[in-house]
Amino acid sequence: MKKLNLIALAVLFASSAAYAVDVTNNFNVSVNFTGACQVLTPATDMAFTYAAFGVADTKSTSTVFKCSRGLAPTFKFDNTGAAQTGSAAGAVGAAITGEGVISGIRYTLSGSSAKSTTGTAAAAGAGGTGGSDGTADQYTVSINADIAGDQAGNGASGSGTHVRVLTISY
């Protein structure tokens, strides 16, 4: 009987070693997210050379903003004084306008915006691998500057620069 008890005891210890025990620990993962837009591709400068009573001239540039997905941005040119003005904010696709005077020569700004890239959502992969990061929505703003022909200007000669600002609000 002692042999049987020892064998039973050995089997009991051997079989209990084959069972794994899971112990869990819960924890939180949280993200405090703030959406944003930023310049991806800046606009280039537009420089005119104009002689009194010259012909009309146009320059153009564009800029690209990248934004958190799902935002509804608006765009506007600055309005910073008597020598330069800008439009109220325009939603994507709406006209953006502005104007200014440098050396007695009036120029006008016109712009249009469009969503040029629709971003993708982030996705978690199976088993903790193979996921994908989300990508941004992108908005392209095309900007034209026009000088009308036959303008007289001020004085013998002169030059000047307006630092114009295109603002995106979201």
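Is A122 buried or exposed? Select A122 in your viewer to find out: its relative accessible area is 59%, so A122 is exposed. Keep in mind during this tour that you are looking at a predicted model.

**Stop 1: the loop around A122**

Stay with A122 for a moment. This residue sits in the loop between β7 (105–117) and β8. Now add S132, D133 and G134 to your selection, since A122 touches these three residues, leaving aside residues up to four places away in sequence. Next, pick the C-alpha atoms of A122 and T135. They are 7.5 Å from each other, while the two residues are 13 places apart along the chain.

**Stop 2: the sheet**

Switch to a cartoon view and look for the strands. Six of them make an open sheet, in the order β1-β2-β8-β7-β6-β4, and their pairing is antiparallel. Which strands stand at the edges? Colour β1 (37–41) and β4 (84–86): each has a single partner strand, so one side of each is left without a neighbour in the sheet. Turn the view slowly and compare the directions of neighbouring strands. On average they are turned by 25° against each other, with direction ignored.

A short reminder helps here: strands of a sheet pair through backbone hydrogen bonds, and they can do so in a parallel or an antiparallel way.

Now select residues 57–67, which are strand β2, and residues 137–147, which are strand β8. These two run antiparallel and are joined by 11 bridges. One bridge is worth picking out: F65 has Y139 in β8 as its bridge partner. Keep both residues selected for the next stop.

**Stop 3: the aromatic cluster**

Show the side chains of F65, F75 and Y139, which form one aromatic cluster. How many aromatic pairs does the structure hold? There are two, and you can visit them in turn.

Begin with F65 and F75. Their ring centres lie 5.7 Å apart and the planes make an angle of 50°, a tilted pair. This pair links distant parts of the chain, with F65 in strand β2 and F75 in strand β3 (residues 74–77), 10 residues apart. Both F65 and F75 are buried.

Move on to F75 and Y139. Here the ring centres are 6.4 Å apart and the planes stand at 55°, so this pair is tilted. It too links distant parts of the chain: F75 belongs to strand β3 and Y139 to strand β8, and 64 residues separate them.

How do these two residues fare for accessibility? F75 has 0% relative accessibility and so counts as buried. Y139 has a relative accessible area of 3%, so Y139 is buried.

**Stop 4: the disulfide**

For the last stop, select C37 and C67 and show their sulfur atoms. The structure holds one disulfide, and it joins C37 to C67 with an S to S distance of 2.1 Å. Look along the S-S bond: the angle about it is 115°, and the link of C37 and C67 is right-handed. This pair also links distant parts of the chain, as C37 is in strand β1 and C67 in strand β2, 30 residues apart.

Are these cysteines buried or exposed? C37 has 13% relative accessibility and therefore counts as buried. C67, at 2% relative accessibility, counts as buried too.

Conventions
Residues are numbered from 1 along each chain as its sequence is written. This is a predicted model: local features need pLDDT of at least 70, side-chain atom pairs count only at pLDDT 80 or more; totals for chains, interfaces and linings use all residues. Side-chain values use heavy atoms; hydrogens and water are left out. Two strands pair if DSSP finds at least two bridges between them. Helices (H or I, at least four residues) and strands (E, at least two) are DSSP runs, numbered from the N terminus. Axes are lines fitted to C-alpha atoms, for helices over the stretch in contact, and angles run from 0 to 180 degrees between N-to-C directions. Rings of Phe, Tyr and Trp (its six-membered ring) pair if their centres lie within 6.5 Å; planes under 30 degrees apart count as stacked, over 60 as edge-to-face and the rest as tilted. Buried means under 20% relative accessible area, exposed over 50%, partly exposed in between (1.4 Å probe, protein chains only). A disulfide is a pair of cysteine sulfur atoms within 2.5 Å. Contact means heavy atoms within 4.5 Å.
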